Amino acid sequence: MKRRGIFTSELKENVVRAFDLPPDLAYGSVLLSVTGQNELLIENYRGILEYKDEHIRIQAKDCRILVVGKRLEIEYYTNEEMKIKGLIEQIIYEN
């Protein structure tokens, strides 16, 4: 069983390199795009764990993301992305 997992992982890496695919697309990694201090776009997230005016905690594939600030609000969200607006003071990755 272990051998098959390693083979699958190596195969996936080779395919990603061969087709020059973006890692966030190929591996489902979370992607953050920050515009100034007032806007954050999060792609490839799994869910919203906590939503308050001072912080928003989001579950990604491999970690949790804590956004800390003031007057934070989720402007919109879909299954693939969300936009957070407000005064963003910190972005913290949690295990």
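## Salt bridges between strands

Let's start with Glu89, which is partly exposed at a relative accessible area of 40%. Keep in mind that this is a predicted model. The side chain of Glu89 pairs up with that of Lys70 in a salt bridge, 3.1 Å from N to O. Glu89 sits in strand E6 and Lys70 in strand E5, so the bridge ties together parts that are 19 residues apart in sequence. Lys70 is partly exposed as well, with 43% relative accessibility.

Glu89–Lys70 has company, as the count for the model comes to 6 salt bridges. Another one joins the side chains of Arg57 and Glu94, at 3.0 Å from N to O. Here the link runs between distant parts of the chain, with Arg57 in strand E4 and Glu94 in strand E6, 37 residues apart. Arg57 has a relative accessible area of 19%, and because the cut-off for buried is under 20%, Arg57 counts as buried. Its partner Glu94 comes out as partly exposed, at 22%.

## A charged network

Then there's Lys83, which makes a salt bridge with Glu75; their closest N and O atoms are 3.9 Å apart. Lys83 is buried, with a relative accessible area of 17%, whereas Glu75 is partly exposed at 40%. This pair doesn't stand alone: through salt bridges that share partners, Glu39, Glu75, Lys83 and Lys85 are joined into one network.

## The nonpolar core

Now for the greasy side of things. In soluble globular proteins, nonpolar side chains tend to be buried together. The largest nonpolar core in this model has 14 residues, and the members that touch the most others are Ile42, Ile58, Val67, Met82 and Ile84. Strands E2 (39-43), E4 (55-59), E5 (64-77) and E6 (81-94) each chip in at least two residues. E5 gives the largest share, with 4 residues.

Two of those well-connected residues are worth a click. Met82, in strand E6, is buried with a relative accessible area of 0%. Leaving out neighbours within four places in sequence, Met82 is in contact with Leu40, Leu41, Ile42, Tyr45, Ile48, Ile58, Ile74, Tyr76 and Tyr77. If you want a distance to check, the C-alpha atoms of Met82 and Leu32 are 9.9 Å apart, although 50 residues separate the two in sequence. Ile58 touches Met82 too, and its other contacts beyond four places in sequence include Ile42, Leu49, Val67 and Ile84.

## A nonpolar patch outside

Some nonpolar side chains are on the surface instead. Leu11, Val15 and Phe19 make up a nonpolar patch there, with about 300 Å² of accessible area together. Val15 belongs to helix H1, residues 2-18, and is partly exposed at 35% relative accessible area.

## Two backbone oddities

Most residues other than glycine have a negative phi. Asn44 goes the other way, with a positive phi near 65 degrees. You'll find Asn44 in the loop between E2 and strand E3 (47-51), where it is partly exposed at 26%.

Arg71 is another non-glycine residue with a positive phi, at about 55 degrees. This time the residue is in a strand, E5. With a relative accessibility of 56%, Arg71 counts as exposed.

Terms used
Residues numbered from 1 in each chain as written. Predicted model: local features only at pLDDT ≥ 70, side-chain atom pairs only at ≥ 80, totals over all residues. Heavy atoms only, no water. Core = buried A, V, L, I, M, F, W, Y, C linked by side-chain atoms within 4.5 Å. Buried < 20%, exposed > 50% of the residue type's maximum accessible area, 1.4 Å probe, protein only. Contact = heavy atoms within 4.5 Å. Patch = residues over 30% accessible without salt bridge, like charges linked within 9 Å, V, L, I, M, F, W, Y side chains within 5 Å. Areas by Shrake-Rupley, 256 points an atom, 1.4 Å probe, with all protein chains shown as cover. Salt bridge = Lys/Arg side-chain N within 4 Å of Asp/Glu carboxyl O.
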